[in-house]
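Please look at the sequence and the 3D structure shown here before reading on. The report after them is written for a reader new to this structure.

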Amino acid sequence: MNLRRLLIELLKILDVQELIDPSIDSIHARDQEGQEEQSPESYKKEDLVFPSGENLPRCWMDANYRNAKAS
């Protein structure tokens, strides 16, 4: 799965389960810049968006999303 950081960098997610687990706030991914494969790095989920510009689903970031009051 590919996501991008707010700085317009495309990332390759190494473990999708890590991405969708709301109890984990950082994921491991590789920057897709250049032709050579980059070393894995840690990225905060709050800094990631889909290539379309959409934010990650709240249920991937907040384990208590069902209990939060709607604004």
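The sections below cover the overall layout, the strands, the salt bridges and one buried charged residue.

## Basis of the model

This is a predicted model, in which local features need pLDDT of at least 70 and side-chain atom pairs count only at pLDDT 80 or more, while totals for chains, interfaces and linings use all residues. Residues are numbered from 1 along each chain as its sequence is written, and side-chain values use heavy atoms, with hydrogens and water left out.

## Overall layout

The chain contains 1 helix and 5 strands, and their order along the sequence is β-β-α-β-β-β. Helices (H or I, at least four residues) and strands (E, at least two) are DSSP runs, numbered from the N terminus.

Of the chain's 71 residues, 23% are buried. Buried stands for under 20% relative accessible area, exposed for over 50%, and partly exposed for what lies in between (1.4 Å probe, protein chains only). About 5200 Å² of the chain is exposed, and carbon and sulfur atoms supply 45% of that area. Accessible areas come from the Shrake-Rupley method with a 1.4 Å probe; for residues, only the protein chains shown count as cover. Among contacts (heavy atoms within 4.5 Å) between residues at least 6 apart in sequence, 32% join residues at least 24 apart.

## Strands β2, β3 and β4

Strand β2 (residues 10-13) has two faces: Leu11 and Ile13 lie on the covered one, Leu10 and Lys12 on the uncovered one. Strands β2 and β3 run antiparallel and are joined by 3 bridges; two strands pair if DSSP finds at least two bridges between them. Across this pairing, leucine 11 stands opposite aspartate 31, and lysine 12 has arginine 30 as its bridge partner.

Strand β3 is also joined to β4, by 4 bridges, and these two run antiparallel. Here serine 26 stands opposite lysine 44 of β4. Because 5 of the 6 residues of β3 are buried, this strand is largely enclosed by the rest of the structure.

## Salt bridges

Side chains of opposite charge can pair when their charged atoms come close. A salt bridge is defined as a side-chain nitrogen of Lys or Arg within 4 Å of a carboxyl oxygen of Asp or Glu, and the count comes to 3. One of them joins aspartate 25 and lysine 44, with the closest N and O atoms 3.8 Å apart. This pair links distant parts of the chain, 19 residues apart: aspartate 25 is in the loop between α1 (16-20) and β3 (26-31), and lysine 44 is in strand β4 (residues 41-44). Aspartate 25 is exposed, at 53% relative accessible area, whereas lysine 44 is partly exposed at 39%.

Glutamate 37 forms a salt bridge with arginine 30, at 3.7 Å between the closest N and O atoms; glutamate 37 is exposed, with a relative accessible area of 59%. For aspartate 62 and arginine 58, the corresponding distance is 3.4 Å. Both residues are partly exposed, aspartate 62 at 23% and arginine 58 at 46%.

## A buried glutamate

Which side chain of opposite charge is nearest to glutamate 18? Lysine 45 is, at 8.2 Å, and glutamate 18 is buried yet has no salt bridge. For charge, Lys and Arg count as positive and Asp and Glu as negative, while His and the chain ends are not counted.

Glutamate 18 is found in helix α1. Leaving aside neighbours within four places in sequence, glutamate 18 is in contact with Ile24, Ser26, Ile27, His28 and Lys45.
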